[in-house]
Amino acid sequence: MSDKYVVAIDQGTTSSRAIVFDHKGTIFSVAQKEHEQIFPRAGWVEHNPIEVWDNVRAVVADALSQKSLTHNDIAAVGITNQRETTVVWDKTTGEPVYNAIVWQDTRTAKIVQELGGEIGQDRYKDRVGLPLATYFCGPKVKWILDNVDGARARAEAGDLVMGTMDTWVLWNMTGGVDGGVHVTDVTNASRTMLMDLKTLDWDAEIAADMTIPVSMLPEIKSSAEVYGIGRTQGMLAGVPIAGILGDQQAATFGQACFESGMAKNTYGTGNFMLMNTGTEIVPSKNGLLTTVCYKIGDQPAVYALEGSIAVTGSLVQWLRDNLRMFDSAPEVETLAATVDDNGGAYFVPAFSGLFAPYWRSDARGALVGLTRYVNRGHIARAVLEATAFQTREVLEAMEADSGVKLAELKVDGGMTANETLMQFQADELNVAVVRPVVAETTALGAAYAAGIAVGYWDGEQDVIDNWAESKRWTPSMDRDEADRLFRNWKKAVTRTFDWVDDDVIE
């Protein structure tokens, strides 16, 4: 079987990709296609699920055709996805009742506030590991049922189902209205606010509080098992779909973080740091999430602490697209290199409120510390530094919760190509920052899960053996200076609080 390949479908926030991996875990071919970012009003972010599914099919076809591969050359398919983005669709027609509501969307702020009541954002945290926040799926489903004409009646009649993007892609891949499999895995289910971390099953009481019929919810499976096979008319006809991991858990798996205390940080649209805590559920007292890291077949679930940062790479895109400061994202490093420091400027990108460790949906972005000395280069540098500062906040919370002092941080994602950022990150964290040879660890993790499920790889040891270091950055900045910059950053963060008043929360 090692002469075959594994396909990973990476359904991300800004694009969908198909990557074909060989047995050594190296990329054989790749195809990518962006989809539209829909912003109906301030704070709302949507995707068209039909466009996303069309793009998934297109990139799979492209990736296979590049190397003249057919379904006979593929041992298994793994799916990884933007996690909390939520779709509700009619299982008899296959039509979504509304656009997918993206994880960054803040329209559910009022629903979240009402659900918390007098108890507040920790109402369900002991069961689901998550604070009440606009980030998660449950309130998004409630919003759709409350606001789309006829949706609630159709849901209560059993006609509507919901899912994260893995579920939507899998359902369509396995036949859609003609026998499509309605399944998710434990990592994605743990991001809905509807799954009990201990039982790994849906919590009917929380679903009732959110007025979501349990009949809408997909069956929860492990992260590595055969869920179904590709439908007969597709490019992957007859190929087992055997791995599902939410994108950040997939990256953790692809980075071979299999021991308790190992951590990785992914630099993408947002930043997401996960620390493996083994089979122990570690509640956070410092603003982090407790989540499922992965579950391989019948083996016990492995848990993680997660620090989720909403805006990092997307801040660079914002400079490019909204302010037209440069034409391509990598140019931010060139612009930042025109200055020696941030010139006293700090950019707090609370575009979707603040995620970990603050969880403040009332916050909004702020550029502070401005003087007439500050120029475009300083702002570019402040944008990069914001990513590193936010990561330091999360790491400090993680070390406090876990009692583990991190020896090094494994990193992946597109922004790890930015040398200026990676060096500054090492300086702020005061630990080595390490990038692997294959930086596409999200797709790789999903491929590994699928391959392990069908025997293409033997297990975690194969992942460890395939992992290799590409580059390492070590701290070089004076500690007093690093701490001074961080102290000013934390001061800047406080300036973003309480921007959205109660009377304007949607």
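**Entry 1. Cavities**

I began with the lining of the largest cavity, to which strand 18 (302–309), helix 12 (376–402) and helix 16 (479–494) each supply at least two residues. I note at the outset that this is a predicted model. I then listed the lining residues of the largest cavity: Ser308, Ile309, Leu354, Phe355, Ala356, Tyr358, Gln390, Glu393, Trp489 and Val493. By type, I recorded seven nonpolar, two polar and one charged residue in this lining. For the volume of the largest cavity I entered about 60 Å³.

How many cavities of 30 Å³ or more does the count give? I found three.

I turned next to the second largest cavity, which holds about 40 Å³ of space. Around the second largest cavity I found Met162, Gly163, Thr164, Thr167, Thr184, Asn188, Ala189, Thr192, Trp202 and Pro218. Strand 8 (160–164) and helix 7 (186–189) each contribute at least two residues to the lining of the second largest cavity, and strand 8 gives the most, with three residues. I sorted the lining of the second largest cavity into four nonpolar and six polar residues, with no charged residue.

**Entry 2. Nonpolar cores**

I looked up the largest nonpolar core and found that it has 104 residues, with Tyr135 and Met216 making the most contacts inside it. Helix 12 gives the most to this core, with 12 residues. Apart from it lies another core, of 34 residues, and I noted Val60, Ile74, Ala100 and Ile244 among them.

I then followed Met216 itself. Not counting residues up to four places away in sequence, Met216 touches Val88, Val141, Leu145, Ala155, Leu160, Val161, Met162 and His182. Of these contacts of Met216, I marked Met162, which is also one of the residues lining the second largest cavity.

**Entry 3. Annotated binding-site positions**

I consulted the UniProt record, an unreviewed entry, which places the feature "binding site" at Thr13, Arg17, Thr269, Gly313, Gly414 and Asn418. I examined two of these positions, Thr269 and Gly313.

Where is Thr269 found? I located Thr269 in the loop between strand 15 (263–267) and strand 16 (271–278). Thr269 has a relative accessibility of 18%, and therefore counts as buried. With residues up to four places away in sequence left out, I listed Thr13, Thr14, Trp103, Gln104, Ala310, Val311, Thr312, Gly313 and Ser314 as touching Thr269. Two residues in this contact list, Thr13 and Gly313, also carry the "binding site" annotation in the record.

Gly313 lies in helix 10 (residues 313–321). Is Gly313 buried or exposed? I entered Gly313 as buried, because its relative accessible area is 10%. Leaving aside neighbours within four places in sequence, I found Gly313 in contact with Gly268, Thr269 and Met415. The pair Thr269 and Gly313 thus appears from either side of my contact lists.

**Entry 4. Thr106**

I closed with Thr106, which I placed in the loop between strand 7 (100–101) and helix 2 (109–116). I recorded Thr106 as buried, because its relative accessibility is 10%. Which residues are in contact with Thr106, leaving aside its neighbours within four places in sequence? I noted Gly43, Thr134, Ser352 and Arg364.

Conventions:
Residues numbered from 1 in each chain as written. Predicted model: local features only at pLDDT ≥ 70, side-chain atom pairs only at ≥ 80, totals over all residues. Heavy atoms only, no water. UniProt positions renumbered as here; feature names shortened; annotations may be inferred. Helix = DSSP H or I, 4+ residues; strand = E, 2+ residues; numbered from the N terminus. Buried < 20%, exposed > 50% of the residue type's maximum accessible area, 1.4 Å probe, protein only. Contact = heavy atoms within 4.5 Å. 1 Å grid on protein atoms, 1.4 Å probe; cavity = no way out; pocket = protein on both sides within 12 Å on 5 of 7 lines; lining within 4 Å. Points joined across faces, edges and corners; volume = space filled by probe spheres on them. Nonpolar A, V, L, I, M, F, W, Y, C, P; charged D, E, K, R; others polar. Core = buried A, V, L, I, M, F, W, Y, C linked by side-chain atoms within 4.5 Å.
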